[in-house]
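Here is a friendly walk through one model, from its cysteines and charged pairs to its nonpolar cores and one of its helices. Have the structure open beside you as you read.

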Amino acid sequence: MANTSTVRESLHQTALKAPSSSGVYLWKNPKNDIIYVGKAKNLKNRLSSYFSGNKDIKTRLLISHASSIEYITTENEYEAFLLENNLIKKYTPRYNINLKDGKSYPVLRITNEDFPRLFRTRTVLYDGSLYFGPYPDATALDAFIDTLHQIYPLRQCRTFKTRSSPCLYYHIGQCKAPCCNRISKESYNEFFGEIKSLLEGKGSETISKIEKEMKAAAAEMNFEKAARIRDGLHALMIMQNQNIVETFDTADRDYIAYHREGELVSFTVLKIRAGKLLGRDNYRVSSLNDDEELLSEFMGAYYTSKDDLPPNIYVPTQSGLDYLQKWINDSLNASSNIVLVSDNIENASRHRAAMNMAFQNAKEDIIRRMRERGDIPALTELQNLLGLKTLPVRIEGFDIAHIGGKFPVASLISFYNGNPDKKNYRYFRLKTTDGIIDDFQSMREATSRRYTRLLNEQADLPDLILIDGGIGQVNAVQGVLKSLSLDIPIAGLAKRDEEIWLPNAEKPICLPKRSDALRLLQRVRDETHRFATSRNQRLRTKENTTSIFTEIPEVGEKRAQMLAKQFTTIEALSSSNAAEISDALKIPLEKAEKILDAAKTLSQMRKEKKEVQMQSLKSAGTTWQNAAATQHIEDLADAALED
């Protein structure tokens with residue numbers, strides 16, 4: 001029973017750590033057999049749902065027989081639809097519906113005739129006809145075909161026969177009667193040139209033509225026709241999702257991509273066989289080789305015989321592969337080609353989409369590996385590098401974001417065991433530097449508020465503080481910690497040369513690019529920057545809807561926008577003169593003087609408020625034991641701290 005509970009918990013944790021992208025997931029039993037294949041718009045939400053609430057007997061049986069969950073991320077739901085279909089047919093999992101008739105998704109066929117016909121089918125004949133698709137949404141495909149017949153006078157008879165008089169479709173304007181020589185072969189095929197461009201995503205002019213037809217139908221009060229054309233355009237948007245999971249190119253091929261974090265490298269191989277993506281293999285290695293050597297090293301180990309090789313192997317770079325093509329041809333006696341995915345190859349967009357999918361899956365595997373091992377090698381290297389007494393299990397990082405001194409925000413992020421611990425992320429809306437560009441003071445305020453609060457709550461302190469900045473910011477924070485009688489190691493990571501600065505250091509520490517410790521510090525620094533910037537952007541968006549200038553009497557939304565455009569800040573407005581305000585708002589000088597007086601009063605109030613807050617922060621930072629000061633700083637932190 002205990003073992004069953006442990007397996008269930010492991011499955012649940014896998015679900016919680018899945019990405020929020022679309023994809024296909026595979027449940028496996030202890031023998032590593034696939035027992036269920038499913039698709040999801042959001043893998044994390046779908047997999048987590050298996051472990052919430054009361055489930056039916058089938059779901060409980062599935063969980064009880066499973067030992068692991070794997071997933072393949074896709075670019076969109078369309079690809080997930082097709083991949084799920086392919087994998088179910090390949091593995092016939094126990095808990096899936098077994099489509100023994102091999103039913104596939106419909107395609108659009110343009111026949112190989114002098115006067116082609118266009119229709120929906122599920123059967124692909126290699127007779128020179130053109131096929132587009134497959135399309136999981138058959139309803140959208142039917143709506144699109146109906147729209148094409150509304151716009152283009154295409155023949156609809158199954159068998160083309162020469163006739164002496166045209167059929168009914170000619171008389172209602174839906175066919176040009178090629179059977180009666182009423183239209184030339186060249187003119188008729190111009191229609192299909194436009195249709196092909198439309199289906200290949202190159203038909204902007206054709207779309208414009210269809211839109212004009214829709215508007216013309218509406219203008220003629222033929223709303224039924226206009227609605228059908230509108231639905232056809234909507235159907236086209238549904239159908240134009242790029243698909244790399246299933247194609248009409250039946251040539252076997254592999255796509256190889258990789259992602260690395262320090263010495264950890266994950267390779268992903270997508271296998272296309274008979275025009276269908278039938279699997280994704282992930283391979284985990286550790287390597288200190290440079291990036292340009294990784295691909296050749298992997299391919300040399302992966303392909304060991306002629307039978308392993310498909311006709312084409314698509315790669316993201318040719319660095320280090322100069323000799324590999326010769327090795328494949330000579331040593332393995334194979335004629336496979338190594339193809340660089342670039343804009344110069346045929347069907348470049350489709351191959352690039354497949355390569356991006358491989359990259360996405362390799363990156364996701366690296367994320368899983370990092371979570372599984374907890375970045376211990378990087379933490380150990382960091383401990384030795386900085387001479388820390390303990391392993392820096394808890395790292396807190398700070399960064400400042402503002403726009404010309406406006407909306408200054410400090411971000412606090414937390415890493416635990418080398419991975420983000422998002423429940424301990426915090427924002428600080430800075431008070432003492434609002435309207436002032438002073439990163440040193442901003443760091444002082446943020447760290448003073450953070451660690452005063454932790455002291456008051458007697459909460460655990462971090463093992464290391466990382467500052468996004470150089471020696472100036474590091475020394476500023478060191479001063480705050482000294483005033484609080486705290487001994488927490490500090491380091492700063494300067495962006496330009498990725499230099500590590502310690503307090504009062506004369507020169508920085510420089511690490512090689514492949515250093516695990518540097519990689520971890522970069523991850524922490526980049527996360528603090530992302531978090532601070534995102535909050536600053538939201539504040540700017542909020543300011544666009546609620547302006548400080550509207551607090552001035554006789555200034556409404558329109559005048560507030562004009563003042564913001566001319567003066568930017570309330571301080572700049574209070575430093576101007578009545579004539580400038582009069583010109584900006586096109587108002588009499590007397591009214592401008594009243595607005596100027598109100599702006600000066602408002603600006604002075606804001607300035608006095610900042611001074612009070614700064615003095616309170618300094619007082620609390622140096623005498624945090626004092627109950628009154630402690631209560632004040634807690635109140636201030638509560639007001640500015642946003643989870």
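In this predicted model, a search of the whole structure turns up 0 disulfides. Take Cys-157 as an example: the nearest cysteine sulfur belongs to Cys-179 and sits 6.2 Å away. A disulfide needs two cysteine sulfur atoms within 2.5 Å, so a pair at that distance does not qualify. Cys-157 is partly exposed, with a relative accessible area of 36%. Cys-175 is likewise in no disulfide, and its nearest cysteine sulfur, from Cys-167, is 5.4 Å away. Unlike the partly exposed Cys-157, Cys-175 counts as buried at 8% relative accessibility.

**Charged pairs**

Side chains of opposite charge can pair when their charged atoms come close. How many salt bridges does the structure hold? There are 18 of them, and the table sets out three, with the relative accessible area of each partner.

| Salt bridge | N to O distance | Acidic partner | Basic partner |
|---|---|---|---|
| Asp-421 and Lys-423 | 2.8 Å | Asp-421: 9%, buried | Lys-423: 65%, exposed |
| Glu-445 and Arg-449 | 2.7 Å | Glu-445: 1%, buried | Arg-449: 1%, buried |
| Arg-453 and Glu-457 | 3.1 Å | Glu-457: 42%, partly exposed | Arg-453: 22%, partly exposed |

The bridge between Asp-421 and Lys-423 joins a buried residue, Asp-421, to an exposed one, Lys-423. In the pair Glu-445 and Arg-449, by contrast, Glu-445 is buried and Arg-449 is buried too.

Why can Glu-445 and Arg-449 be separated by about one helical turn? They are 4 residues apart in helix α14, which spans residues 439-457, so about one turn separates them. Arg-453 and Glu-457 are also 4 residues apart in α14, and therefore about one helical turn lies between them as well. Elsewhere, salt bridges link Arg-284, Asp-365 and Arg-368 into a network.

**Nonpolar cores**

Which residues have the most contacts inside the largest nonpolar core? They are Leu-108, Leu-118, Leu-154 and Ile-195, in a core of 26 residues. The elements giving two or more residues to this core include strand β4 (107-110) and the helices α4 (77-91), α5 (138-151) and α7 (185-199). Helices α8 (204-219) and α9 (223-239) are also among them.

Leu-108 is a good place to zoom in. Leaving aside residues up to four places away in sequence, Leu-108 touches several aromatic residues, including Phe-119, Tyr-131, Phe-132, Tyr-135 and Phe-144. Its contacts also include Leu-118, Leu-130, Leu-141, Ile-145 and Leu-199.

A second core, separate from the largest one, has 23 residues. Phe-428, Ala-446, Leu-484 and Leu-486 are among its members.

**Helix α19**

Helix α19 runs over residues 578-585, and its buried residues include Ala-578, Ile-581, Ser-582, Ala-584 and Leu-585. Where do these residues lie around the helix axis? Seen down the axis of α19, the buried residues fall within an arc of 165°, so they line one face of the helix.

Both ends of this helix are worth a look. At the N-terminal end, Asn-577 acts as a cap, with a side-chain oxygen 3.1 Å from the backbone nitrogen of Ala-579. After α19 comes Lys-586, which has a positive phi near 60°.

Notes
Residues are numbered from 1 along each chain as its sequence is written. This is a predicted model: local features need pLDDT of at least 70, side-chain atom pairs count only at pLDDT 80 or more; totals for chains, interfaces and linings use all residues. Side-chain values use heavy atoms; hydrogens and water are left out. Buried means under 20% relative accessible area, exposed over 50%, partly exposed in between (1.4 Å probe, protein chains only). A salt bridge is a side-chain nitrogen of Lys or Arg within 4 Å of a carboxyl oxygen of Asp or Glu. A nonpolar core is a set of buried Ala, Val, Leu, Ile, Met, Phe, Trp, Tyr and Cys residues joined through side-chain atoms within 4.5 Å. Contact means heavy atoms within 4.5 Å. The arc is that of the directions from the helix axis to the C-beta atoms. A polar contact is a pair of N or O atoms within 3.5 Å; within protein, one must be able to donate a hydrogen and the other to accept it, and residues adjacent in sequence count only if both atoms are side-chain atoms.
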